[in-house]
Amino acid sequence: MMEQQHTTVTLEETAFQELAARHAGALLRPGDAGYEEARAVYNGMINKHPALIVRGKDVADVIAAVNFAREHELTLAIRGGGHNGPGLGTCDDGLVIDLTEMKGIRVDPVARTVRVEGGCTWGEVDHATHPFGLATPSGFISTTGVGGLTLGGGIGYLSRTLGLTIDNLLGVDMVLADGSFVIASAEEHADLFWAVRGGGGNFGVVTSFLFQLHPISTVYGGPMLWPIEQAADVLKFWRGFIMQAPEEINGWFAFITVPPAPPFPEQFHLQKMCAIVWCYSGSLEQANAMFQPIREAVPPAVDFAGPIPWPVLQSLFDALYPKGLQWYWKTDFFNDLSDKAIGLHLKYGAHLPTMHSTMHIYPINGAVHRPGTSDTAFSFRDANFAEVIVAVDPDPANNERMIEWARDYWMALHPYSAGGGYVNMMMDEGTDTVQAAYRDNYAKLAQIKATYDPGNLFHVNQNIKPGK
Ligand SMILES: Cc1cc2nc3c(=O)[nH]c(=O)nc-3n(C[C@H](O)[C@H](O)[C@H](O)COP(=O)(O)OP(=O)(O)OC[C@H]3O[C@@H](n4cnc5c(N)ncnc54)[C@H](O)[C@@H]3O)c2cc1C
């Protein structure tokens, strides 16, 4: 990370010592060994200098840190996996509660549930549940944090089949702004449980999550690739197919630049192509028959789809997107993909500005539509597609160019959108964008925020302002 001039705020020594005496986990201040590494988040564009990073080991540590931040009027950020695009897991000059040492995971194979502490990544959850032949819906990359992904909704390989991650959330343990501890579920603090299913980190620190597990072990999936010239045919086929496909099939569309490495055939290295990344979680015996019409409709140039253990599919792209790359993205939900919108996708998708840049469209029909638009804080249950335009590169010198591409692409498609985007895939874009993401649910979220965090202690997030 580039070091730049930064005037760090110094905490009063006696106050710091008081916290240290009550805290089991490490406390890191600027200059301490490990501070530089600890302040770095996934997005290399983010370069923040917290006054104090608190590595909580348990709920008691989190309570102490929340009380400390409130009493000393410090900006407070909560860090789960640190993957947030705009870096909302950290802050300048304030206190970061870093949950990355809270890694406890307990599988109950009989009840088919898993209790996951707030600092886990999805790869760690998959590691723990896979030996039982069980999994819960998450995302598409295993290094992402359970915390942020879940609290924003959670769109992934199993969305059409089993719903969003929040649709499989049974309850949370939380530390609130006043330092109190609560359990929120359908039975207890139901208003809070409604709010954390999509409302992000606005309501408190989730110290652990309880998820429903499902018998998911080896699925049939992986990418199929086509030449960019066939993108219109592929998109039109996929649009029709995915709207009526059995819920066990998930496949998201992407524009990509083929990485210059195995297992991609050499003749395609660095070529711009389009792809669909599949995940079929129905019977493996029926998988080939299920995929035959797909393979016949527009025969792929490269076909990696086949039986694959769930954790392998989940981590397929981890190596391509390591921590520290420059990262900027924009998002919108769509009810449909009109021919006009497809034309615009072809225009911008064919000009990915860097090798890592990409555009994905995730299907969110099927099981995602089962809850209504106001049943959880996540509002866009009636949309069919989530678009994310992703500008990524190792070199900051390319930032201006790739950000311009992402913005232009998004602006061109936005008029065809459902009017709002996914909170987990936006930058720090202000209140209007947050309101658009929640639509009619925003007013209720603001009310619940006023009940549980009237002083907006938890504001380093896609912020919901406390209602009057
Ligand atoms: C490479 C990559 C792949 C991704 N893939 C997907 C995907 O497939 N599907 C998807 O839905 N999203 C995906 N995302 C988006 C992801 O959901 C968001 O970036 C999310 O914010 C990351 O959560 P985190 O815990 O890793 O991040 P952090 O930066 O640690 O936290 C993000 C936000 O959540 C809050 N937060 C985190 N944990 C807690 C907690 N325990 N209690 C209270 N607040 C908390 C933080 O305060 C912050 O506001 C991806 C992101 C990246 C970078």
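**Close-up views of a predicted model**

**View 1. Meet the largest cavity.** Gly152, Gly198, Phe333, Phe378, Ser379, Gly421, Tyr422, Val423, Ala437 and Tyr438 line the largest cavity. The model shown here is predicted. Inside the ring of names just listed there is about 40 Å³ of space. Sorted by class, this lining holds six nonpolar and four polar residues, with no charged ones. Rolling a probe the size of a water molecule over the atoms shows where empty space is left. Across the whole structure, the search turns up two cavities of 30 Å³ or more, and the next view visits the other one.

**View 2. The second largest cavity and its lining.** About 30 Å³ of space lies in this cavity. Look for Ala38, Arg39, Pro50, Ile53, Arg79, Gly89, Thr90, Val96 and Asp98, the residues that line the second largest cavity. Two elements, helix 2 (35–39) and strand 4 (95–98), each give two or more residues to this lining. Here the classes come out as four nonpolar, two polar and three charged residues.

**View 3. The shell around the ligand.** There are 33 residues around the ligand, and those that come nearest are Gly80, Gly82, Phe140, Ile155 and Tyr422. Tyr422 may look familiar, as this residue is also in the lining of the largest cavity. By class, the shell splits into 16 nonpolar residues, 16 polar residues and one charged residue. Which elements supply at least two residues of the shell? They are strand 3 (76–79), helix 5 (146–152), strand 9 (205–212) and strand 15 (326–334). Helix 5 gives the most, with four residues.

**View 4. Backbone atoms beside the ligand's oxygen atoms.** Start at glycine 82, where a backbone N or O atom lies 2.7 Å from an oxygen atom of the ligand. Next comes glycine 145, with a backbone N or O atom 2.9 Å from a ligand oxygen. Finally, find valine 460: a polar atom of its backbone is 3.4 Å from an oxygen atom of the ligand. How much of the ligand's accessible area does the protein cover? On its own the ligand has 940 Å² of accessible area, and the protein covers 97% of that.

**View 5. An aromatic pair.** The whole structure contains 27 aromatic pairs, and this view picks out tryptophan 252 with phenylalanine 317. Their ring centres are 6.1 Å apart and their planes meet at 65°, so the pair is edge-to-face. Tryptophan 252 belongs to strand 11 (residues 249–257), while phenylalanine 317 sits in the loop between helix 10 (310–314) and strand 15. The pair therefore links distant parts of the chain, with its two members 65 residues apart.

**View 6. Two backbone details in loops.** Most residues other than glycine have a negative phi, and most peptide bonds are trans. With that in mind, turn to the peptide bond from proline 262 to proline 263, which is cis, with omega near 10°. Proline 263 has its place in the loop between strand 11 and strand 12 (272–280). What sign does phi have at aspartate 93? At this residue phi is positive, about 70°, although aspartate 93 is not a glycine. You will find aspartate 93 in the loop between strand 3 and strand 4.

Technical notes:
Residues are numbered from 1 along each chain as its sequence is written. This is a predicted model: local features need pLDDT of at least 70, side-chain atom pairs count only at pLDDT 80 or more; totals for chains, interfaces and linings use all residues. Side-chain values use heavy atoms; hydrogens and water are left out. A residue is near a molecule or strand if one of its heavy atoms lies within 4 Å of it. A polar contact is a pair of N or O atoms within 3.5 Å; within protein, one must be able to donate a hydrogen and the other to accept it, and residues adjacent in sequence count only if both atoms are side-chain atoms. Accessible areas come from the Shrake-Rupley method with a 1.4 Å probe; for residues, only the protein chains shown count as cover. Ala, Val, Leu, Ile, Met, Phe, Trp, Tyr, Cys and Pro count as nonpolar, Asp, Glu, Lys and Arg as charged, and the others, Gly among them, as polar. On a 1 Å grid over the protein atoms alone, a cavity is a set of points where a 1.4 Å probe fits but cannot get out, and a pocket is an open set with protein on both sides within 12 Å along at least five of seven lines; lining residues have an atom within 4 Å of a point. Grid points are joined across faces, edges and corners, and a volume is the space filled by probe spheres set on the points. Rings of Phe, Tyr and Trp (its six-membered ring) pair if their centres lie within 6.5 Å; planes under 30 degrees apart count as stacked, over 60 as edge-to-face and the rest as tilted.
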